[in-house]
Amino acid sequence: MRLYNTMSLNVEEFVPIEAGRVKIYTCGPTVYNYAHIGNLRTYVSEDILVRAFRFLGYEVSRAMNITDVGHLESDADEGEDKMLKGARRERKTVWDIADYYTEAFFRDMAKLNLETPDIVMRATDQIEDYIEFISVLEEKGYAYRAGGNVYYDVSKFPRYTELSRMPLENLQHGTRGDVELDENKRNPYDFALWFTKSKFDEQEMKWDSPFGRGYPGWHLECSVIALKALGERLDIHCGGVDHISTHHTNEIAQTESFTGQKWVNYWWHAEFLLTDDGKMSKSKGEFLSLSRLEELGYDPMVYKYFLLGSHYRRQLAFSDEGMDTAKTAYHKLKERTLALAEPIETTAYIDEFKAALADDLNTANALTLIYTVLKDDKLSSGEKRYIIEQMETVLGLDLFVEPEIDVDTAKIERLIAERNQAKQAKNWAEADRLRDELQAMGISLMDSKEGTTWKLN
Ligand code: AMP
Ligand code: ZN
């Protein structure tokens, strides 16, 4: 496996800490709202990473957190608490919000055929461990108390900007015009480990601690959960590119200060999905969720097919045209795969498929390979099925899942009859409108001398 490492800015040969095993940590969702389709792009890529390793013969352990506390609107310590915002918006408790959107997240994962990570931990379930972790940092001189809060002292960690390669002055901190500088911080780049006093008194989630009754800072949970779940060293740490400069940078500083050794060997980052107006963001209100895509007539698998067509390290622009092209291509492909005969074992193309995955997860090439297999005259239909089924264990595109027939035959027949009447009355506009209405239901019409027949797209 060759993977790009943000720490070295190079594609590197992957060498595991322990032969044959991979320990992967992936930052999880902040459960104050539905995931947007940009978030889901990152989870799709991470799932491919895990499954690719398994396909290549590795044993994988993947851990993920569920952020249900402490994530403020800005990844630095500014802005309102995201969970609180969700609770206020829906007039529910933060706990109800967390439960509801955690479930919604896993429903989206399932719709996209994404495996649940081997270990999933909720941030609010680790309070004792945060307290322990912060106490050690305090003892070691990396943390200090000020104004009721506990902060990590960035000046104690000389390699602080190693991952981001950004001069400290460029990092996010409380000197942007719209937010006040946190007077408690010794250096503006220091970050909170524990809050007892924030600007938002309504915070419902609070716990007793030696530092006072309060709640943990956001970055802490990933370090503590990764340590608990996977031990002091990780092969790979994943997340979206937005996490490089603050969140992952802070994770490294506090974890390595705690353990006294190098933590992560490969930093893996997924690029953003962009919309016409730029970055996808929940704070703007309207955003695209997977359910919204379904309402717009796109199967989650169509979205996944759209994503896999480009590399995870490239920005990808979401567009109706792109999705429509993917929709047509996906359904045509599925027609072909569903028509294949019973599987017949073969080793053909498996090496090529592994090579595509091992090439920093080249999913676009992996997809192309499916078409190459389908076109290959030297293979029997059953062999083709066998090969593509193997590929499906990584890609998970439901290529062999019969579409659910959920058609209202009576309605279809009625619309066809109405269309025939319209045609007889030479009302072509109405006839076309009815055809379009059926098309939108996924029904194609075939007219012949014998009359009109229909089929599911
Ligand atoms: P959050 O729920 O905000 O903590 O984000 C969940 C994951 O989605 C993180 O790994 C982010 O880096 C990632 N992410 C956020 N926005 C996008 C986007 N537009 N495209 C791809 N990934 C994103
Ligand atoms: Zn994280």
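This passage looks at the surroundings of ligand 1 and at helix α9 in a predicted model.

Start with the ligand. Ligand 1 is surrounded by 16 residues, and T30, G38, T42, D242 and L273 are the closest of them. Sorted by class, this shell holds nine polar residues, five nonpolar ones and two charged ones. Two secondary-structure elements, α1 (37–55) and β10 (234–240), put in at least two residues each. The top contributor is α1, which gives four residues to the shell.

Some of the closest residues also make polar contacts with ligand 1. The side chain of D242 has a polar atom 2.4 Å from a ligand oxygen. With G38 and L273 it's the backbone that does the work: a backbone N or O atom sits 3.1 Å from a ligand nitrogen in the case of G38, and 2.9 Å from a ligand nitrogen in the case of L273. Taken on its own, ligand 1 has 500 Å² of accessible area, and the protein covers 94% of that.

Now for helix α9, which runs over residues 320–338. Its 19 residues span 26 Å from the first C-alpha to the last, close to the 27 Å expected at 1.5 Å a residue. Six names make up the buried set of α9: M323, A326, Y330, L333, K334 and T337. These buried residues all lie on the same side of α9, because the arc they cover around the axis is only 100 degrees. The other side of α9 has exposed residues, namely E321, T325, K332 and E335. A lysine thus turns up on each side of the helix, with K334 buried and K332 exposed.

Conventions:
Residues are numbered from 1 along each chain as its sequence is written. Chains are lettered from A and ligands numbered from 1 in the order in which they are written. This is a predicted model: local features need pLDDT of at least 70, side-chain atom pairs count only at pLDDT 80 or more; totals for chains, interfaces and linings use all residues. Side-chain values use heavy atoms; hydrogens and water are left out. A residue is near a molecule or strand if one of its heavy atoms lies within 4 Å of it. A polar contact is a pair of N or O atoms within 3.5 Å; within protein, one must be able to donate a hydrogen and the other to accept it, and residues adjacent in sequence count only if both atoms are side-chain atoms. Accessible areas come from the Shrake-Rupley method with a 1.4 Å probe; for residues, only the protein chains shown count as cover. Ala, Val, Leu, Ile, Met, Phe, Trp, Tyr, Cys and Pro count as nonpolar, Asp, Glu, Lys and Arg as charged, and the others, Gly among them, as polar. The expected span of a helix is 1.5 Å times one less than its number of residues. Buried means under 20% relative accessible area, exposed over 50%, partly exposed in between (1.4 Å probe, protein chains only). The arc is that of the directions from the helix axis to the C-beta atoms.
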